[in-house]
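Open the model in a viewer and keep the selection tool to hand. The stops below go from single residues to the whole chain and then to the contact between chains.

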There are 2 protein chains.
Amino acid sequence: MSPRIVELRRGVLEKNDQIAASLRDRFGTAGVRVANWVSSPGTGKTALLERLLVRAQQQGVRAAVLVGDCATDNDARRLAATGAPVRQIVTEGMCHLEADMVTSHIDALEAGGTHLAGLDLLVLENVGNLVCPTSYDLGEGLRVALLSVTEGEDKPLKYPALFASADVVVLTKVDIAEAVEFDSAAAASAIAAVAPGRPVVATSARTGVGVAELLSLLVGPGQPGP
Amino acid sequence: MSPRIVELRRGVLEKNDQIAASLRDRFGTAGVRVANWVSSPGTGKTALLERLLVRAQQQGVRAAVLVGDCATDNDARRLAATGAPVRQIVTEGMCHLEADMVTSHIDALEAGGTHLAGLDLLVLENVGNLVCPTSYDLGEGLRVALLSVTEGEDKPLKYPALFASADVVVLTKVDIAEAVEFDSAAAASAIAAVAPGRPVVATSARTGVGVAELLSLLVGPGQPGP
């Protein structure tokens with residue numbers, strides 16, 4: 001990149017960081033836990049979220065979602081079927097969410113009657129991309145990096161910036177691990193190399209395995225409900 | 001994006017287009033067919049390429065690969081095991097290949113004794129990303145968009161820019177289509193909506209299905225060998 005582009009990009013990131021800091025204050029004041037979910041396209045973020053939202057309702061955890069995509073509102077429609085408050089952020093070709101998009105969609109959520117203070121959990125489902133979202137703080141408390149068993153065990157080594165910045169690593173589609181000859185030891189070793197000590201949750205949206213554990217990690221020990 | 005960023009980005013793309021035009025001339029003069037492979041991380045580009053390179057050797061098709069990744073040379077090492085000339089382009093965090101990277105690595109390939117004029121096929125395996133590589137012409141003759149059966153049938157609708165710009169669409173991992181409940185009619189309809197009339201090749205790196213058909217599409221009717 002040219003020095004001019006690098007400098008301007010730094011400016012964009014600094015402005016994003018300022019907006020993200022305001023968001024973080026706002027989330028803290030409202031007492032809502034916020035998780036930023038980042039993965040490849042096709043890792044199964046939306047399918048897992050469907051399952052997580054149903055589980056949240058069963059446990060009395062009040063959860064909402066902002067979901068980013070370059071185009072279509074397919075994911076918002078899928079997630080809204082769970083009954084949870086959901087808004088689609090269409091980025092119109094941009095490959096990541098930025099803090100100002102989150103701010104304006106939270107304003108819209110609140111204008112529609114869903115107040116942050118009435119939520120326990122807000123999930124920001126980022127655009128499917130393992131690189132660009134890494135640089136953009138969205139004010140989240142937890143960054144979640146997701147990796148499916150179909151993607152190749154060395155993804156954490158190839159995309160170290162994301163995995164190193166993650167607070168939680170989630171394996172998805174573990175129900176087909178055997179069918180795709182997933183090498184769980186190799187994956188664990190790749191994760192440990194770039195994100196040592198981070199909790200790793202093995203999940204399947206199809207069977208529901210790991211969903212309760214993930215919800216408990218996201219909402220924390222003080223979670224409401226039974 | 002701010003107007004300043006948009007304007008500078010346009011400048012970067014224009015400069016990239018100029019370099020890509022030189023590359024296209026160079027490829028034409030050398031008589032080598034060049035394919036730019038774009039997909040999500042984990043779609044299985046490298047596994048399919050391993051299979052394709054072996055098949056190429058069997059048919060007497062002389063093929064080489066430049067493979068892009070943010071970090072690691074894992075893929076180049078995997079591909080080099082086939083005996084084909086391979087170079088790893090490490091983008092150091094950048095989420096796509098640019099024409100100038102391709103130029104310098106082709107220079108290095110030729111300096112190492114692998115001349116473009118001695119090749120039938122050059123594959124540029126892009127960084128795993130469905131958004132950013134779309135804007136960067138690499139001088140290729142064919143753009144190949146790949147989609148695995150594990151990724152969700154609506155990916156072409158969510159990432160229309162890539163699929164609309166592709167000359168060939170490749171489905172990967174079709175051997176596990178049933179295990180992941182892949183809906184091939186829904187995928188075909190999503191592809192047809194954004195890339196009408198484009199050839200779609202169903203492949204499996206595990207079973208080898210579709211590899212010969214793909215090679216023939218890439219190298220064209222005038223391909224050498226039996």
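**A tour by selection**

Leaving out residues up to four places away in sequence, A:Ala187 touches A:Glu153 and A:Phe182. Select these three residues to begin, and bear in mind throughout that the model is predicted.

Now show the secondary structure around this first stop. A:Ala187 belongs to helix α7 of chain A, which covers residues 184-194. Is A:Ala187 buried or exposed? Its relative accessible area is 1%, and the cut-off for buried is under 20%, so A:Ala187 is buried. For a distance across the chain, pick the C-alpha atoms of A:Ala187 and A:Lys45: they are separated by 19 Å, with the two positions 142 residues apart along the chain.

Next, select A:Leu130. This residue sits in the loop of chain A that runs between β4 (121-125) and β5 (142-148). Despite the loop setting, A:Leu130 counts as buried, with 3% relative accessibility. Which residues is A:Leu130 in contact with, leaving aside neighbours within four places in sequence? In chain A they are A:Ser39, A:Ser40, A:Lys155, A:Tyr159 and A:Leu162, and from chain B there is B:Pro41. Measure from A:Leu130 to A:Leu162 in the viewer: the C-alpha atoms are 6.6 Å apart, although the residues are 32 positions apart along the chain.

B:Pro41 leads over to chain B, so colour by chain at this point. How many residues of chain A are in contact with chain B? There are 38, and they meet 38 residues of chain B. B:Pro41 appears again here: together with B:Leu8 and B:Lys158 it supplies 21% of the area that chain B buries against chain A, more than any other three residues. The two chains bury about 2900 Å² between them, and 60% of that area is on carbon and sulfur atoms.

Two loop residues are worth a look for their backbone angles. Most residues other than glycine have a negative phi. Select A:Thr72, where phi is positive, near 75 degrees, in a residue that is not glycine. A:Thr72 is in the loop between β2 (63-69) and α3 (74-80) of chain A. With a relative accessible area of 21%, A:Thr72 is partly exposed.

Then go to B:Glu181, which is not a glycine either and has a positive phi of about 55 degrees. Its place is the loop of chain B between β6 (168-172) and α7 (184-194). B:Glu181 counts as exposed, at 58% relative accessibility.

Finally, select chain A as a whole and zoom out. Chain A has eight helices and seven strands. What does its C-alpha trace span along the principal axes? The span is about 55 × 45 × 35 Å. The radius of gyration of chain A is 17 Å, which agrees with the value near 17 Å for a compact globule of 226 residues. Of the contacts in chain A with a separation of 6 or more, 74% are between residues 24 or more positions apart.

Switch to a surface view for the last stop. Buried residues make up 55% of the 226 residues in chain A. Chain A exposes about 8800 Å², and 52% of this comes from carbon and sulfur atoms. Colour the charged side chains: 20 are positive and 26 negative in chain A, and the centres of the two sets lie 1 Å apart.

Note on methods. Residues are numbered from 1 along each chain as its sequence is written. Chains are lettered from A and ligands numbered from 1 in the order in which they are written. This is a predicted model: local features need pLDDT of at least 70, side-chain atom pairs count only at pLDDT 80 or more; totals for chains, interfaces and linings use all residues. Side-chain values use heavy atoms; hydrogens and water are left out. Helices (H or I, at least four residues) and strands (E, at least two) are DSSP runs, numbered from the N terminus. The radius of gyration is taken over C-alpha atoms; the globule rule is 2.2 Å times the number of residues to the power 0.38. Buried means under 20% relative accessible area, exposed over 50%, partly exposed in between (1.4 Å probe, protein chains only). Contact means heavy atoms within 4.5 Å. Accessible areas come from the Shrake-Rupley method with a 1.4 Å probe; for residues, only the protein chains shown count as cover. Lys and Arg count as positive and Asp and Glu as negative; His and the chain ends are not counted. The place of a charge is taken as NZ of Lys, CZ of Arg, CG of Asp or CD of Glu. Buried area is the accessible area (1.4 Å probe) that two parts lose on being put together, summed over both.
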